[in-house]
Amino acid sequence: MTPEPFGARLRHAMDTRGPLCVGIDPHASLLTSWGLDDDIAGLERFTRTVVEALADRVAVLKPQSAFFERFGSRGIAVLEKAVEEARSAGALVLMDAKRGDIGSTMGAYAATYLDKDSPLFSDAVTVSPYLGFGSLRPALDAAAASGAGVFVLALTSNPEGAEVQRATAADGRSLAQLMLDHMAAENEGAAPLGSVGAVVGATLGDAGVDLAINGPLLAPGIGAQGATPADLPAVFGDAVGNVVPSVSRGVLRHGPDASGLREAAERFADEIRGAVSGS
Ligand SMILES: O=C(O)c1cc(=O)[nH]c(=O)n1[C@@H]1O[C@H](COP(=O)(O)O)[C@@H](O)[C@H]1O
């Protein structure tokens, strides 16, 4: 049986739960401010608290793999459990791993995150196209086969990204636009939404690129990096309805109580609703 595509599953989740994505980024400083030790027990407790508080209500949870990898194999075990529990509570899990390599190695990353039999199988994964969009082919194919998605970096939220992403490609387009055009080609004809998303920072002011990729647009940078939901219409224009705004520290700093996390997520969700419906 063909699995339901990620784009359709995400559209449904956004329509029923609202589009907010909450990032699970267990920074050492957050563990400390939650009264936890910066060790595997602290990581486990932090992660379980976030998943239990939010997985039954937000559309997407986005664990940042680096914060789990820093604890070695035991950190990965915590990550595996979080992915499984979040998915069973109804959240879509976007694994923030930002993988990118030559195609043959990309195949191994695809097997890690996008093969249904893998312990780290996720609904979607973040990837970097700056080894060439074609190097992502194994991930794009694996995602399509398992009903998963891929979020491709286009214009990242950090100021340093511009020197690469705004550089001019051989045909005159910016590199970011070139990548977005590849994504649009992948998503052509998909309904209600393609499964290849773009990452475009909410911090950018005006994205200045064509975002009509017929796919979701992950917008990190809200909260700790200074962007707010009110910035979304200016950055995304007509494509704002496909935006998945993402917040990590802006929500996580309201723990360790589940009620604090839920209220913070609800405040962001309300602000997003207001900003998107008023645009
Ligand atoms: O792919 C991402 O999620 C991402 C892309 C980007 O352009 N900027 C960006 O901040 N991120 C991630 O989004 C999260 C942002 O965290 P906060 O700044 O705490 O909300 C981190 O996990 C980043 O790695």
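This note goes through the cavity and the two largest pockets of a predicted model.

1. The enclosed space comes first. The structure holds 1 cavity of 30 Å³ or more, and the volume of the largest cavity is about 40 Å³. Its lining is made up of Ile 24, Val 51, Leu 61, Pro 63, Leu 79, Ala 82, Val 83, Ala 86 and Val 93, and the elements that contribute two or more residues to that lining are strand S2 (60-63) and helix H5 (73-88).

2. On the character of this cavity, H5 gives the most to the lining, with 4 residues, and by class the lining has 9 nonpolar residues, with no polar and no charged ones.

3. Turning to the open spaces, the largest pocket has a volume of about 440 Å³ and is lined by 24 residues, of which Lys 62, Lys 98, Ser 157, Pro 220 and Gln 225 lie nearest its centre. Strand S3 (92-99), strand S8 (243-247) and helix H11 (249-252) are the elements that each give two or more residues to this lining, which by class comprises 8 nonpolar, 11 polar and 5 charged residues.

4. The second largest pocket contains about 330 Å³ of space, and among the 21 residues that line this pocket, Arg 17, Gly 18, Pro 19, Leu 20 and Ala 269 are the closest to its centre. Two or more lining residues come from each of helix H1 (6-17), S8 and helix H12 (258-277), with H12 giving the most, at 8 residues. The lining of the second largest pocket divides into 11 nonpolar, 3 polar and 7 charged residues.

5. One element deserves a second look when reading the two pockets together: S8 gives two or more residues to the lining of the largest pocket, and S8 also does so for the second largest pocket.

Methods:
Residues numbered from 1 in each chain as written. Predicted model: local features only at pLDDT ≥ 70, side-chain atom pairs only at ≥ 80, totals over all residues. Heavy atoms only, no water. 1 Å grid on protein atoms, 1.4 Å probe; cavity = no way out; pocket = protein on both sides within 12 Å on 5 of 7 lines; lining within 4 Å. Points joined across faces, edges and corners; volume = space filled by probe spheres on them. Nonpolar A, V, L, I, M, F, W, Y, C, P; charged D, E, K, R; others polar.
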